[in-house]
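Colleague: Please take a close look at a single part of this model, the metal site, and then set it against the rest of the chain. I would like the cut-off behind each term as you come to it.

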Amino acid sequence: MFIAYRFRILAILLTVAFPPLRPMAQGAEQSTLKAALLSIRANDLKAHVNVLADDTFEGREAGSRGGRAAGGYLASHLQKAGLRGGGDAEGYFQQFGTHRNVLAVLEGSDPVLKNEFIILGAHYDHVGYGNARNSYGPTGYIHNGADDNASGTASLLELADAFASLPVPPKRSILFAFWDGEEAGLLGSKHWISRPTIPKDRIAFAFNIDMLGRLRNNRIEILGNRTSYGLRKMVSRHNQEIGLELDFTWEMTANSDHYTFASNNIPVLMPFTGLHEDYHRPSDDAEKINNAGMERVVRLLFLVSQEIAEVPDRFTFRANALRETPVLRQQFEKSQPAAPPRLGVSWKVRDPFDGLELTRVDRQSPADQAGLRVGDRIVNFAEAPITDENQFRIALLAARSPAHFGIVRVGETLPQTVSVPIVGQPIRLGVTWREDDAEPGTIFLTQVVNGSAAQQAGLRERDRVYEVGGRIFKNADEFRALITTLPTPIEMLIERNGRMSTVQLAVPPVATE
Ligand SMILES: [Zn+2]
């Protein structure tokens, strides 16, 4: 503690004395951040889980002997990390009845913003020996709760160490909160919010860490992502360094401590590696924890919480998040129905390439009405020979009606020109989209037309678009302006399940004949 504090003063003095060194100071900040990030390690997480989920703590039931022992373990670790107590009488505990929350504070480095707090919280209690209300059985055996929630508790200890190791703490202060009595009905977080150790209006954001130990298929849920604006984009940006698949669920129920804060109009985030067959059973044991997976999720949490503690403007609460559900999400994100095909044919490509031989002509389609038949070959389009079926698809979608085809009829060798009044409007990119008020300055795709430039570039429905041609946009109007004016190829930065990538769309010029 003493050494870290001296470094902090030195860093401040250097910044003040030599303003031109600012870029270097930022570089140094980057490297200390990186060091703190890398200090979060699977082996350390595993060591904490092994202690907390050991039989000696008897399942850490709130108010029990094992629960108290677990609280003692946490307090001594926080003291070693050099964090000051955030509980009663400046100690680490906030007592309520026979239960106690364990609290520690890292003071922020900005003279103004340090008055605001980020809460990083995890419940450390579990269900002891289990009973009919809190266990799926068999009851009467120690429920070690390695995933629920020794994993989150270990994660929070590692985060506390990582933040405490920074020579300059983040601008906002951080409250590290180990909640008791969660399994009995979110008792610890509810008690805290009714007797907050920090004025409630100074809580800028709350993280809840509950069950991070069972990463499977590289996939986690991010609960609370709609309780403020732009959280999905921000989490996805940090995830580039981590590479997880993120499910930005709309689930918001009172099933863990995040709900205590969300229902008090405080934005929240909660990563979650999901339920499993050992949930609330004696078999939720330490050897089943995916420690390497937990390391990755905790590192993502560190990056995200560090930014939230640092940004100049506080994230404001988005109240609609409390009314949203996964069912509403399905309705909101549902696909636009596909328009009828402009021509109405299927084909096969002859090898060597010799036009597109029709294998099906849809009844009543424009092709059918113009007299095209199975076996006919399309060899020219808009007076140019067809050399590539994918380019033809794009050109056909973009064409004005009537479109002119060079057709070699069955049994003939020379093409004849056939004009077909194709249906629908010319399509250049092949996407429809929608805005999402929770993510300003982004859109998501509600349709990707078959064969279009968008589909050929790999875009899919529900992809989120963050940039077009390297530019951000404010809303759907600006997005439309960009895609209609930029020349080909149009570059898009997209996000799918928290993974970002850049795609190039080979769009045709507007309305080719
Ligand atoms: Zn639980």
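Modeller: A donor here is an N, O or S atom within 2.8 Å of the metal (3.2 Å for Na, K and Ca), and since water is not among the atoms, a site may look incomplete. The model is predicted, and local features therefore need pLDDT of at least 70, while side-chain atom pairs count only at pLDDT 80 or more and totals for chains, interfaces and linings use all residues. Residues are numbered from 1 along each chain as its sequence is written, and side-chain values use heavy atoms, with hydrogens and water left out.

On that basis, the zinc ion takes its protein donors from Asp148 (OD), from Glu183 through two entries (OE and OE), and from His280 (NE2), at 1.8 to 2.5 Å. The angles among these four donor atoms run from 55 to 145°, and the site is classed as irregular. That class is what remains when other patterns fail: four donors are tetrahedral if all angles lie between 85 and 135 degrees, whereas four are square planar and six octahedral if opposite donors are over 155 degrees apart and all others between 65 and 115. Along the chain, the zinc donors follow the spacing D-x34-E-x96-H. Aspartate 148 belongs to helix H5 (residues 146-164), and glutamate 183 to the loop between strand S5 (173-179) and helix H6 (187-194), so this pair ties together parts that are 35 residues apart in sequence. Helices and strands are DSSP runs numbered from the N terminus, a helix being H or I over at least four residues and a strand E over at least two.

Both of these residues are buried: aspartate 148 has a relative accessibility of 2%, and glutamate 183 has a relative accessible area of 18%. Buried means under 20% relative accessible area, exposed over 50% and partly exposed in between, computed with a 1.4 Å probe on protein chains only.

Asparagine 255 comes next, in the loop between strand S8 (245-247) and helix H8 (258-262). Apart from neighbours within four places in sequence, asparagine 255 is in contact with Glu182 and Leu186, where contact means heavy atoms within 4.5 Å. Its relative accessibility of 45% makes asparagine 255 partly exposed. The C-alpha atom of asparagine 255 is 55 Å from that of valine 361, a residue 106 positions away along the chain.

A helix pair gives a further view of the packing. Helix H7 (residues 231-239) meets helix H9 (residues 291-310) at an angle of about 130°, with the axes 9 Å apart. Here an axis is a line fitted to C-alpha atoms, for helices over the stretch in contact, and the angle runs from 0 to 180 degrees between N-to-C directions. H7 is therefore oblique to H9, given that angles under 35 degrees count as roughly parallel, over 145 as roughly antiparallel, 65 to 115 as roughly perpendicular and the rest as oblique. On the H7 side the contact includes Leu231, Met234 and Val235, and on the H9 side it includes Leu300, Leu303 and Val304.

Elsewhere, alanine 453 lies in helix H13 (residues 453-456) and is buried, at 3% relative accessibility. Leaving out residues up to four places away in sequence, alanine 453 touches Ile394, Arg428, Leu429, Leu505, Ala506 and Val507. Its C-alpha atom is 9.4 Å from that of isoleucine 427, which is 26 residues away in sequence.

Some backbone details deserve checking as well. The bond joining glycine 137 and proline 138 is a cis peptide bond, with omega about -5°, and proline 138 lies in the loop between strand S4 (117-123) and H5. A cis bond also runs from threonine 488 to proline 489, with omega near -10°. Asparagine 217, although not a glycine, has a positive phi of about 55°; asparagine 217 is in the loop between strand S6 (203-208) and strand S7 (219-223) and is exposed, at 73% relative accessible area.

For the chain as a whole, there are 14 helices and 20 strands, and 53% of the 513 residues count as buried. Of the contacts with a separation of 6 or more, 71% are between residues 24 or more positions apart. The C-alpha atoms fill a box of roughly 95 × 65 × 40 Å along the principal axes.
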